[in-house]
Amino acid sequence: MTPSQALQIIHSKTPLLPKVEITLISALGRVLREDIRTREQIPPFDNSAMDGFAVISDDLELLPNDLAIIDEIPAGKVPEIPLESGKCIRIMTGGQIPINTGAVVPVEWTTQINDTIIRIHQKPEETTFIRRASQDVREKDIVVNSGIRITPPIIGMIATAGYQKVMVGRVPDVALIVTGDELYSEIGALPPARIRDTNGPGLSAQIMEVNGNVIGSITARDNKNSISDAIINSRDADVIVMSGGVSVGEYDFVKGVLLELGFEEVFWRVRQRPGGPMLFGMLESTLVFGLPGNPVSASVCFQQYVRPTLLKLMGGHQIHSPKYKAYLAESIQKKSGLHHFVRGIAESQEDGALIVHTTGPQASNLYSSLQHANCLIHLEEDVINPSKGDPVLVSRLPWAMFE
Ligand code: AMP
Ligand code: MG
């Protein structure tokens, strides 16, 4: 099984969660599940782009010209007095353009003669300082499409379109089960032969980054009963993410216990590094990911397989991180046979091209190789010892920026 085959199979098993209505201001990061049509055209009416004076066109023929100020239109006020020759209306940015207006003259192009008279010095192009109705969006146009993940400007646009509530995909309930007798989650000195738990908090945060709902984070012991209890307690989840215990060691009970509980194994093992022993299947309608325990493997597998799945459950259309071309800043040792996800730091050069170097030693227990990375370098199965300067594809890690 290659990584792309694995992804395809996972997606074929991934259902669409129902939609729910929520308030717009709480929708950041959620997946929109309706097309948003603007209620009105945007802008809804012709309005001034400047603080200045609305005048009729004829009064701009011979300049300078003195005009009588007959009204004042701040933003939000409906103009009532129509413009006439020899007269002007003081108008503010955003103010509605009065009837008969030929142009708006910015205040900087005028001098105030007295309280009621203004002198116009310069003629603007007819429409320069007028923002026309529907210039941004026409009435009833779709402004945001279903399937998009909601960002701050999407919230701004939906609000501008006239909505305070939106239909979004329900967030998936994700149960996290980390396994390992060696894991120590208390504060204080680490007892002999124990290690701190990286995956519980780290994977929880990765679930939350994509707006998943962590319904429980359980640490199970390396015995069948403990793992079985943890799984039974997690059966209401949409997704169970497990870490550790999926390899071939004497204490790797996860797969066996799952099978005893009725697990439908879809695949075990992917031709990749890190994360080779990954397990995927279904426990009734719950999707189960058995990620290897090494923290880099768990995190990279999450990024590669679980994150797109959570987005797909919510109804997301663009669920994969896009890949960019970058040039290797160093050669990498690699045999053929496995797809490698190398943790990298991509930097943009002055000409905009990306160069990428690795974060150093890539063993899957070296969590700092992930911490310092801003991208994954994708080296396909058949690639052997890529050299410095070779083009490669990289995908940005969702929490990081290219430098
Ligand atoms: P396993 O997949 O259970 O064989 O674990 C592989 C390696 O990852 C072992 O060295 C474990 O100690 C380590 N490991 C497993 N789970 C965690 C965890 N939650 N946090 C940190 N290291 C872990
Ligand atoms: Mg283990």
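How many residues surround ligand 1, and which are the closest? In this predicted model, 15 residues surround the ligand, and the closest are E182, D197, T198, G245 and G293. The views below start there and then move to other parts of the chain.

**View 1. The surroundings of ligand 1.** Welcome to the ligand site of this predicted model. The space that ligand 1 takes up is the second largest pocket. Look around the ligand and you will find a shell made up of 4 nonpolar, 7 polar and 4 charged residues. E182 and T198 are among the closest of these neighbours.

**View 2. Polar contacts of ligand 1.** Here we zoom in on atoms of ligand 1 and their polar partners. One nitrogen atom of the ligand has a polar side-chain atom of D197 at 2.8 Å. The side chain of N199 also takes part: one of its N or O atoms is 3.4 Å from a nitrogen atom of ligand 1. From G245 the partner is a polar backbone atom, which lies 2.9 Å from an oxygen atom of ligand 1. Taken alone, ligand 1 would expose 480 Å², and the protein buries 75% of that.

**View 3. An aromatic pair, W109 and F129.** The structure holds 5 aromatic pairs, and this view shows one of them, formed by W109 and F129. A pair of aromatic rings is described by the distance of the centres and the angle of the planes. For W109 and F129, the centres are 5.5 Å apart and the planes meet at 80°, an edge-to-face arrangement. The pair links distant parts of the chain, 20 residues apart. W109 sits in the loop between strand 7 (103–106) and strand 8 (110–112), while F129 belongs to the loop between strand 9 (117–120) and strand 10 (130–131).

**View 4. Two cis peptide bonds before prolines.** The bond from I42 to P43 is cis, with omega near -10°. You can find P43 in the loop between strand 2 (36–37) and strand 3 (47–48). L63 and P64 are likewise joined by a cis peptide bond, with omega about 0°. P64 has its place in the loop between strand 4 (52–55) and strand 5 (65–73).

**View 5. The backbone at K140.** Although K140 is not a glycine, its phi is positive, at about 70°. To locate K140, follow the loop between strand 10 and strand 11 (142–144).

Terms used
Residues are numbered from 1 along each chain as its sequence is written. Chains are lettered from A and ligands numbered from 1 in the order in which they are written. Side-chain values use heavy atoms; hydrogens and water are left out. A residue is near a molecule or strand if one of its heavy atoms lies within 4 Å of it. A polar contact is a pair of N or O atoms within 3.5 Å; within protein, one must be able to donate a hydrogen and the other to accept it, and residues adjacent in sequence count only if both atoms are side-chain atoms. Accessible areas come from the Shrake-Rupley method with a 1.4 Å probe; for residues, only the protein chains shown count as cover. On a 1 Å grid over the protein atoms alone, a cavity is a set of points where a 1.4 Å probe fits but cannot get out, and a pocket is an open set with protein on both sides within 12 Å along at least five of seven lines; lining residues have an atom within 4 Å of a point. A molecule sits in a cavity or pocket if more than half of its atoms lie within 2 Å of its grid points. Ala, Val, Leu, Ile, Met, Phe, Trp, Tyr, Cys and Pro count as nonpolar, Asp, Glu, Lys and Arg as charged, and the others, Gly among them, as polar. Rings of Phe, Tyr and Trp (its six-membered ring) pair if their centres lie within 6.5 Å; planes under 30 degrees apart count as stacked, over 60 as edge-to-face and the rest as tilted. Helices (H or I, at least four residues) and strands (E, at least two) are DSSP runs, numbered from the N terminus.
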